Amino acid sequence: MSDLNKISIVLYGEILEKDSKHWWEWYEWCKNFGTRLGYTPNYIGIRGESFKSGKVLKLNRVEKRFKKSIEQNEYVENLDLYALPEEFSQAVFDYRTHMCINRISDEHIILITLPSKEFENINLDTIINDMKRFMDITKGEVFEMSVLNCPYFYAMKVNSPSDYETLKIIKQF
């Protein structure tokens, strides 16, 4: 199995949002989950009222600003957390882990992507139940593919499944 292979857990449905603090709870959950796996998130991508660019930024430089926007109950559309190596070229291909919550499309998603070798170190049912705290799910999937095929694009249904040559469906629910 190549180091480029990643396992992804994706849930589809509607994001449960009592208020914007829900996004902060997701953020904290991702930080804790990543740290437990040994991949502490160090970069963040946010789109919302105070974050228009969608650029991936150093987490330690943005965390306070993000927390302030949450405290002001600002709208958040998308939140991505990455564990990236010191010297990376493109976040979309170089990440160790990627976790996101996204309501850009009609069908919202929550996605966790981690190295395939780490999949055996997690309890899938526990992770899915944790993810369900943030979404009213309609369906979900666990799949494996090379990071070069961009698991995020597959999860967002950008292309037909047949376009992803390294795709291996592990579980659908």
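This is a short tour of some paired strands in a predicted model, ending at one residue, Thr 97.

Residues are numbered from 1 along each chain as its sequence is written. Because the model is predicted, local features need pLDDT of at least 70 and side-chain atom pairs count only at pLDDT 80 or more, while totals for chains, interfaces and linings use all residues, and side-chain values use heavy atoms, with hydrogens and water left out.

Begin by selecting residues 5-15, which form strand β1, together with residues 135-146, which form strand β7 (strands are DSSP runs of E, at least two residues, numbered from the N terminus). These two strands pair in the antiparallel sense over 11 bridges, where pairing requires that DSSP finds at least two bridges between the strands. Within this pair, look for Ser 8, which stands opposite Phe 143 in β7. Next add residues 168-172, strand β8, which pairs with β7 in the antiparallel sense over four bridges, and here Phe 143 has Ile 169 as its bridge partner.

Now move to strand β4, residues 76-83, where seven of the eight residues are buried (under 20% relative accessible area, with a 1.4 Å probe and protein chains only). Strand β2, residues 43-48, runs antiparallel to β4 and is joined to it by six bridges, with Gly 45 partnered by Asp 80. Strand β5, residues 97-102, is also antiparallel to β4 and joined to it by six bridges, and its Thr 97 is the bridge partner of Ala 83.

Finally, select Thr 97 itself, which is buried, with a relative accessible area of 2%. Leaving aside residues up to four places away in sequence, Thr 97 touches Tyr 39, Leu 81, Tyr 82, Ala 83, Thr 113, Leu 114 and Pro 115, a contact being heavy atoms within 4.5 Å.

Terms used. Buried means under 20% relative accessible area, exposed over 50%, partly exposed in between (1.4 Å probe, protein chains only).
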